[in-house]
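Dear colleague,

I am handing over the structure that follows, together with an account of what was found in it. Please look through it first, and then read the notes below alongside it.

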Amino acid sequence: MLKVGEKAPAFALPDADMATVDLADYQGRKLIVLFFYPKDGTPCCTKEATDFSDHENDFTAHDCVLFGISRDDCLKHAEFRDKEGIGLELLSDAEGVVCKQYGVWQAREVDGHRKYGILRSTFIIDRHGTIRHALYNVNYKGHALEVLQLVKALSREGQT
């Protein structure tokens, strides 16, 4: 698991339209929120993604960009985005490399069997590429507003 103060692992992933998003392109320019979620279209993941999307303008007002990441492919992301009216970028980590780098690909016991999946987690990265908040195993309810408050606090402190 990553810790506050560590450098955020660099990556380049395709978005729902198959355009590559490179984290390095935002370094020095924007505050970044990455939220990792298990699967497109499930009730909890839909609520989380739409909540973040609904507050995208509030994040933008604080010079912050949002990215949702799951292991779903680009086509599934596009269908999910279009069906739910999600405005923010959804990135596909189909191979799970970035999920592993950020420590969100974890095993859990399900019906006596060990299964791997994404642990719902969010990271706030400052303009220098440093992790300012590493929130693992979050509850989707009210999470977007909680993250927005953290972003606002960083902005007020001039820490971004």
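**The sheet and its helices**

In this predicted model, 5 strands come together in an open sheet of mixed pairing, with the order β5-β4-β3-β8-β9. The edges are held by β5 (89-92) and β9 (131-135), and because each has a single partner strand, one side of each is left without a neighbour in the sheet. On average, and with direction ignored, neighbouring strands of this sheet are turned by 20° against each other.

At the β5 edge, strand β4 (residues 64-70) runs parallel to β5 and is joined to β5 by 4 bridges; in this pair of strands, Phe 67 of the chain stands opposite Glu 89 in β5.

Two helices can be described against this sheet. Helix α1 (residues 43-54) lies across β3 (31-36), β4 and β8 (121-125), and runs at about 165° to β3, while helix α5 (residues 143-157) packs on the sheet, where α5 touches β3, β4, β8 and β9 and makes about 160° with the direction of β9.

**The chain as a whole**

The chain has 5 helices and 9 strands, which follow one another from the N terminus as β-β-β-α-α-β-α-β-α-β-β-β-β-α. Its radius of gyration is 15 Å, close to the 15 Å that the globule rule gives for 160 residues, so the chain is as compact as a globular protein of that length. Of the 160 residues, 49% are buried, and among contacts between residues at least 6 apart in sequence, 64% join residues at least 24 apart.

With best regards

Conventions. Residues numbered from 1 in each chain as written. Predicted model: local features only at pLDDT ≥ 70, side-chain atom pairs only at ≥ 80, totals over all residues. Heavy atoms only, no water. Pairing = 2+ DSSP bridges. Axes fitted to C-alpha atoms, helices over the stretch in contact; angles between N-to-C directions. Contact = heavy atoms within 4.5 Å. Rg over C-alpha atoms; globule rule 2.2 N^0.38 Å. Buried < 20%, exposed > 50% of the residue type's maximum accessible area, 1.4 Å probe, protein only.
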